[in-house]
Amino acid sequence: MEVFIIAAISANGMIGQGAEESSLTWTSKEDLKFFIDKTKEAGAMIMGNSTFKTIGKPLPGRLMVVMTRDPKEKMGVEGELIYTSDSPHEILADLKMKGFDKVAIAGGTQIYSLFLDAGLVTDLYLTVEPVLFGGGTPLLREMDRIDLELIETKPVGTQAVLLHYQVK
Ligand SMILES: NC(=O)c1ccc[n+]([C@@H]2O[C@H](COP(=O)([O-])OP(=O)(O)OC[C@H]3O[C@@H](n4cnc5c(N)ncnc54)[C@H](OP(=O)(O)O)[C@@H]3O)[C@@H](O)[C@H]2O)c1
């Protein structure tokens with residue numbers, strides 16, 4: 001199963017400036033198109049409840065799995081939005097059973113870190129946008145070193161660059 005992290009990052013490796021701010025305030029329309037195409041191709045995406053709150057609604061054409069410690073208190077939408085407190089392994093096993101062979105890990109810091117730490121991520125797609133954040137939200141919390149192999153670099157519009165890595 002291909003399990004890929006998808007993130008837009010600042011030139012100094014941050015995924016956001018303020019916790020409740022949507023990434024759409026600083027990312028390019030070309031990156032948004034890449035995000036939509038890539039997540040639709042996978043068909044399923046996993047994110048943390050804080051990231052989901054910045055989006056606010058299910059995105060069409062993709063199953064959204066939202067991680068929360070209180071899933072019973074939240075209403076999902078059949079076939080579109082699932083709240084869960086399952087472990088990363090359990091979530092991926094369930095998606096595999098549902099027929100998905102690609103899954104996007106769509107953030108934020110806690111959820112990227114959780115899946116990387118568990119050794120479940122195969123690929124990373126990082127779009128580097130031309131902005132610097134002083135402070136801000138990092139891509140990852142503290143964790144052990146992970147070595148990557150650079151597979152491809154590609155311009156995204158005229159101002160951003162996509163880095164595709166595989167986890168070694
Ligand atoms: N630039 C980008 O590409 C990008 C992409 C995604 C997000 N972001 C940014 O990242 C920020 C959010 O990141 P974040 O790290 O603060 O939050 P997050 O990872 O989006 O979500 C954290 C929440 O996920 C739930 N959670 C975490 N670990 C869990 C576990 N083991 N089991 C069950 N639920 C678990 C908890 O929800 P409950 O509190 O409901 O229990 C927790 O509060 C936002 O600013 C967002 O804009 C940027």
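## Secondary structure

Helices and strands are here DSSP runs, of at least four residues for a helix and at least two for a strand, numbered from the N terminus. On that basis the protein chain of this predicted model holds four helices and ten strands. Read from the N terminus on, these elements follow the order β-β-α-β-α-β-β-α-β-α-β-β-β-β.

## Overall dimensions and packing

The radius of gyration of the protein chain is 15 Å, which agrees with the value near 15 Å that a compact globule of 168 residues would have. Along the principal axes, the C-alpha trace spans about 40 × 35 × 30 Å.

Of the 168 residues in the protein chain, 42% are buried. Among the contacts of the protein chain with a separation of 6 or more, 65% are accounted for by residues that lie 24 or more positions apart.

## Surface and charge

The protein chain exposes about 9200 Å², and carbon and sulfur atoms supply 52% of that area. The chain carries 17 positive and 23 negative charges, and the mean positions of these two sets are 3 Å apart.

## A cis peptide bond between two glycines

One local feature concerns the backbone at Gly107 and Gly108, where the peptide bond from Gly107 to Gly108 is cis, with omega near 0 degrees. Gly108 itself is found in the loop between strand E6, which covers residues 102-105, and helix H4, which covers residues 109-117.

Terms used: Residues are numbered from 1 along each chain as its sequence is written. This is a predicted model: local features need pLDDT of at least 70, side-chain atom pairs count only at pLDDT 80 or more; totals for chains, interfaces and linings use all residues. Side-chain values use heavy atoms; hydrogens and water are left out. The radius of gyration is taken over C-alpha atoms; the globule rule is 2.2 Å times the number of residues to the power 0.38. Buried means under 20% relative accessible area, exposed over 50%, partly exposed in between (1.4 Å probe, protein chains only). Contact means heavy atoms within 4.5 Å. Accessible areas come from the Shrake-Rupley method with a 1.4 Å probe; for residues, only the protein chains shown count as cover. Lys and Arg count as positive and Asp and Glu as negative; His and the chain ends are not counted. The place of a charge is taken as NZ of Lys, CZ of Arg, CG of Asp or CD of Glu.
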